[in-house]
Amino acid sequence: MDVLAKGFTNPTQRILALRDAIYDATPTVEADRAELVTASYKETEGLPIILRRSKAVEKILTEIPIAIRDHELIVGSLTVGVHGCQIYPEYSFDWVEKEFDTMATRMADPFEIPKDTAKRLHNAFLYWPGKTTSDLATSYMSQPCLDAQSNGVFTVGNYYFNGVGHVCVDYGKVLREGFSGIIQEAEAQKAKLSGASPEDIKKRDFYNAVIITYKAAIAYAHRYADLCEQLAAQESDQTRQDELRKIAANCRRVPEYPARTWWEALQSFWFVQLILQIESSGHSISPGRFDQYMYPYLEQDTTISHDFAQELLDNVWIKFNDLNKTRDAISDQAFAGYAIFQNIQCGGQDEDGVDATNPLSYMMIDAAAHVAMAAPSFSIRYSNRTPDEFLYRACELVRLGLGYPAMYNDEVIIPAMMNRGIPLKDARNYCIIGCVEPQVPHKTEGWHDAAFFNIAKVLDITLHNGRNGQIQLGPKTGEMKDFKNLSDLVQAYKTQMEYFVKLLVEADNAVDYAHAERAPLPFESALVDDCLGRGKSMQEGGAIYNFTGPQAFGVADNGDSFMAIQKHVFEKGEVTMEELQAAMDHNFGYPDETGKLATWFGQGCCAAGESSALKDLDERQIYEAVKRILSTKGSIDINELQKNLQGTSTTPTAPTAEVSGDMGRYQQIKRIMENTTWFGNDDDVVDIITREAGQIYAREVQKYKNPRGGQFQAGCYPVSANVLFGKDVAPLPDGRLAWTPLADGVSPRAGCDTNGPTAAVMSVAKLEHETFSNGTLYNQKFNPAALAGDEGLKRFAALCRAYFDNKGMHVQFNVIDKATLVEAQKNPEQHKDLVVRVAGYSAQFISLAKEVQDNIIDRTEFEF
C-alpha cells in the first residue's frame, strides 16, 4: 500500500470550464493595442521618449477593449478573445504583415488574423518604418555581425524584434503599498530634484512618466470594476451576481491600495502581471518566489476556507494560460508551443539560509495538478534543508506527466551568483526567470535569453577552416588534415569561438542600445530596484544588477565529436582526418534530401532522388532565405518567395561511379565513429572533454560588458532551438547526419545515455554548471511504470538528491511512454490535454511542430 503518495484532489467545475474554454479557443490576433500605440506616438512627436512611452501606455490602458470571462474570479485579460494576442509594432512589424495570409497555417503556433484585423494593422504599420527598435539595432551592427546571424552561428532575434521581458518585479511592494504608494514615491523623488545637476532634467521626465503610467493603471483596474458592476446588474444567477459584485469591489480597492485579503492580493498580483505584458511584448515575465510574498495574505485571512482559497489560486493558474504571444514563423519554431515562459517558484531557503517552504508552497503544487496546463512554468528550489515531504510531493506532481515542476539546486546556483558579485543574502533569494535563468528578484535587468549561440555550428565551421559551405565566414584556422592531434583542433575551435562570440556581443549590445533609446518601460522600471532611486529606466541601467545572458546549445554534440576523433583518429588510427572529412562532406554516405551539401562541397553523391528532393529543397530554400532576411530586416514575404521558387530547378547531379563506390566506406566510417563511449554514461574521459567544449564558450562570453555597465554571463539551454538550428549544421564527427536536431541544453544526445538515469545525471553534473550562471537545462524522460508506487517515488527522489549532491544545477522530467506520444501525433484531436516538457517550459503536445514532437519522442526513456 502506498503511504508516501497522497494523490491530488479534483479541480472544481469552474476550473474545468475555464480550462476547456482555453483549449477550445482558436488563437487570434487582435489589432487594438497596435492602433492605440500608433495613435499615441503620432500625438506625442517631439516629446522625450520616456514620456512618449508613458503616454502610449496611458492611452492603451484607458481605451483598449476589456472583457470578463464566464466563471472567472480573477479578472484582467490581454485580449477580448480567449487566448488571443496583441501586436507591438514599436519593436518590429514587417513580419506580421508578410504573414497575414500564412500565420494561420504555418508550422508552429498558428494564429488567425481576420481580414478586418489585417486591414487595421496594415494602416497602423504605415507609421512605423524606420522608427522601430529593430531598425535602430540593425543600423548599429557591422556586416560580419549580420553575416554570422544569417549563416546560423547565432541569433539575437528574441529581443531584436520583440520586447525584453525576462524580469521579476516587486509584486510584494504593490501588495504592501499599492500603485498609489508608487506614485507617492515618484512624486517624493521628483521633489528632491534641485535642478543643479544636468541629470535632473531626464530624472524629472522619468518620474513624470512613472506617475502618468501608474495613474493610468489605476484607471484600468477601475474600468474592470465598472464592467463587473454592469454585468452584475444584468446577471440573473444570484451566486454569479454576488461574485461579480465582489470582484468589482476588489478592483476598486486593488491595485490602487494595499491588499487586505487573499482574494485582493491575488487580484492585485494579476493586474501587475497583465500590465507588464501590455506595456511590452517581452516574454518570461516571471512571478518568481510567489509563496514568499503571497503567503502573508493567505495566513492572515481568517475569513476564507482552504477550498475556496485553493480555487482562487487555481483561477490565477488559469489566467497564466490565457496570455499569448505571436512571433515570426522562424522564431516560433524555436519557441514552439505558444510559450511565454512565466516562471513561478516555491520552496528553497530565505536570505538567512533557513528553509522557506510554507503551506502555500504545497498549495501551488496542488494548483499545478488541478489546472494541468502548460503555464505557468512551475519550478521548485531544492537545498540540503528541503523537507523530504516537499520533495516527495514535487516528485508526485512530476509523476502526473505534465513536465513540471522543474527543480533547481540552491547549492550550485547561490555560489554561481556570488561568483558574479552578488552578495550572499541576495543570492539566497534568487528566483528563476523564463526557462532556467537565475536572478535576484526585483533588482535585476538580466537580459537572459539574449541570444541562441550554436556552438555545434562553430565546430562545423572550425572543421572547414572557417568556412560555412563556400563562404569564408570565420578566420582561417587550418583544414582538418592539418590537425595532428586533438589539441590542435581544440585550439582552432577556441580561435573560432573568440571571433564569433565577439560578433555575438556586438549584436546583443546593438539591440541593448536600441531598447534604451526607443523603448524604455516606466511601469516595469518603477517596480525594479533602484530605478526610482536612480531616476532612470531599467533599459538605461537603473537596476542594481545588470547582466546579458546568451545561451549555448550543442555541448554534447561537440564533446562527443571531440571524443570520437580522439579515439578513432588519433589513438586507434582507424580513420584519417582526410577520410573523416570526405565522409562528413558526403553525409556519411546517406542521402541529403536538401541538396545543400552538394552545393557546399561540390559533390553530387549524397543527393536524393528528384521527386523527394524537389519538395524538400523548396522548403529548405524558403527556410534559408527567410532566416537570412529576418536576421537583417525582421520580415519576409513568404508568398513572393514561393512564387519565385516555382521555376527553380532542383534536379540533383547524378553521382559518379567513383563516388558511388565510396558510399560503403563512408557508411563504415560512420559506424566506426559511433563505436564510442558517449557523454551521458558517467565516463570521466568523455565527460571532461564535453565539459571543456562548453566551458570554452562560457569563459569567452564572460569577458565582455554590456551598455548598462553589467557583465555578460553564459547559459546553456536551447528552448526548442536545438531542432531549428540543427538545420544549419552539417554532419559532425560523432556520426550525426546533416541538418538533424542537436542535443538539448546540457542533456546527452538522444539515445546516447545508455547506462541508465543515474549514470546520465552523474555525467551532466560534471559540466561545471557554476560557470553557466545564466542557467543550464537538463531533460530526462521516464517510463511511468518506473516511478509507480512508493518504491518508484523513493527511487525518483533519491535520483534527484544524488544529482544535486553532485553539483547539478537543474533537471526536469517527462514521465510518459513513447506509445502515448506517437498516438497523440496520429490522433491529435483526442489528446488536446496532453502536456509535455519541451525545454525550459511545458507545452500542449499537439500544438508543437512535428519535428519538435519527434525530438521529444526520440529522447531516451529511462527505467530504474
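This report walks through pockets, aromatic pairs, buried residues and unusual backbone spots in a predicted model.

## The second largest pocket

Let's start with an open space. The second largest pocket holds about 470 Å³, and 29 residues line it. Nearest its centre are His83, Gly337, Tyr338, Gln844 and Ser847. Three elements give two or more residues to this lining: α1 (13–24), α14 (306–322) and β18 (842–844). By residue type, the lining of the second largest pocket has 18 nonpolar, nine polar and two charged members.

Tyr338, one of the residues nearest the centre of that pocket, is worth a second look. Tyr338 belongs to the loop between α15 (329–334) and β3 (343–347). Its phi is near 55°, a positive value in a residue other than glycine. With a relative accessibility of 15%, Tyr338 counts as buried, because the cut-off is under 20%.

## Enclosed cavities

Turning to closed spaces, the model has seven cavities of 30 Å³ or more. The second largest cavity has a volume of about 90 Å³. Its lining is made up of Gln86, Ile87, Tyr88, Tyr91, Ser92, Trp95, Val96, Phe161, Asn162, Ser281, Lys325 and Thr326. Six of these lining residues are nonpolar, five are polar and one is charged.

## Aromatic pairs and a ring cluster

If you like aromatic side chains, there is plenty to look at: the whole structure contains 41 aromatic pairs. In one of them, the ring centres of Tyr159 and Trp447 are 4.7 Å apart and the planes meet at 75°, so the pair is edge-to-face. Tyr159 sits in helix α8 (residues 157–160) and Trp447 in the loop between β8 (444–445) and β9 (448–454), so this pair ties together parts that are 288 residues apart in sequence. Both partners are buried: Tyr159 has a relative accessibility of 1%, and Trp447 has 2%.

Another pair brings Phe290 and Trp317 together, with ring centres 6.4 Å apart and planes at 85°, so this pair is also edge-to-face. Phe290 is in helix α13 (residues 290–299) and Trp317 is in helix α14, so the parts tied together are 27 residues apart in sequence. Phe290 is buried at 0% relative accessible area, and Trp317 is buried at 1%. Phe290 and Trp317 also belong to a cluster linked by ring pairs, together with Tyr171, Phe269, Trp270, Tyr293, Phe320 and Phe378.

## Charges over rings

Rings also have charged partners here. Arg381 lies over the face of Tyr430, 3.8 Å from the ring centre. The charged end of Lys596 sits over the ring of Trp739, at 4.8 Å from its centre.

## Two buried residues and their neighbours

Thr771 is placed in the loop between α33 (757–765) and β15 (779–782). Thr771 is buried, with a relative accessible area of 11%. Leaving aside residues up to four places away in sequence, Thr771 touches Arg420, Gln695, Ala698, Gln702 and Ala714.

Asp205 is found in helix α10 (residues 199–234). At 12% relative accessibility, Asp205 counts as buried. Not counting residues up to four places away in sequence, the contacts of Asp205 are Pro48, Ile50 and Leu51.

## Helix α25

Helix α25 (residues 577–585) has several buried residues: Met577, Leu580, Gln581, Ala583, Met584 and Asp585. Those buried residues pack against α24 (555–571), α26 (596–601) and α30 (663–674). Just after α25, Asn587 takes a positive phi of about 55°.

## Backbone spots to look at

Two cis peptide bonds are good places to zoom in. One joins Val254 and Pro255, with omega about 10°. Pro255 lies in the loop between α11 (238–253) and α12 (262–279). Another cis bond joins Asp529 and Asp530, with omega about 0°. Asp530 is in the loop between α22 (522–525) and α23 (531–534).

Finally, Asp109 has a phi near 50°, which is positive in a residue other than glycine. Asp109 lies in the loop between α4 (94–98) and α5 (115–125). With a relative accessibility of 0%, Asp109 counts as buried.

Conventions:
Residues numbered from 1 in each chain as written. Predicted model: local features only at pLDDT ≥ 70, side-chain atom pairs only at ≥ 80, totals over all residues. Heavy atoms only, no water. 1 Å grid on protein atoms, 1.4 Å probe; cavity = no way out; pocket = protein on both sides within 12 Å on 5 of 7 lines; lining within 4 Å. Points joined across faces, edges and corners; volume = space filled by probe spheres on them. Helix = DSSP H or I, 4+ residues; strand = E, 2+ residues; numbered from the N terminus. Nonpolar A, V, L, I, M, F, W, Y, C, P; charged D, E, K, R; others polar. Phe/Tyr/Trp six-rings, centres within 6.5 Å; stacked < 30°, edge-to-face > 60°. Buried < 20%, exposed > 50% of the residue type's maximum accessible area, 1.4 Å probe, protein only. Lys NZ or Arg CZ within 6 Å of the ring centre and 35° of its normal. Contact = heavy atoms within 4.5 Å.
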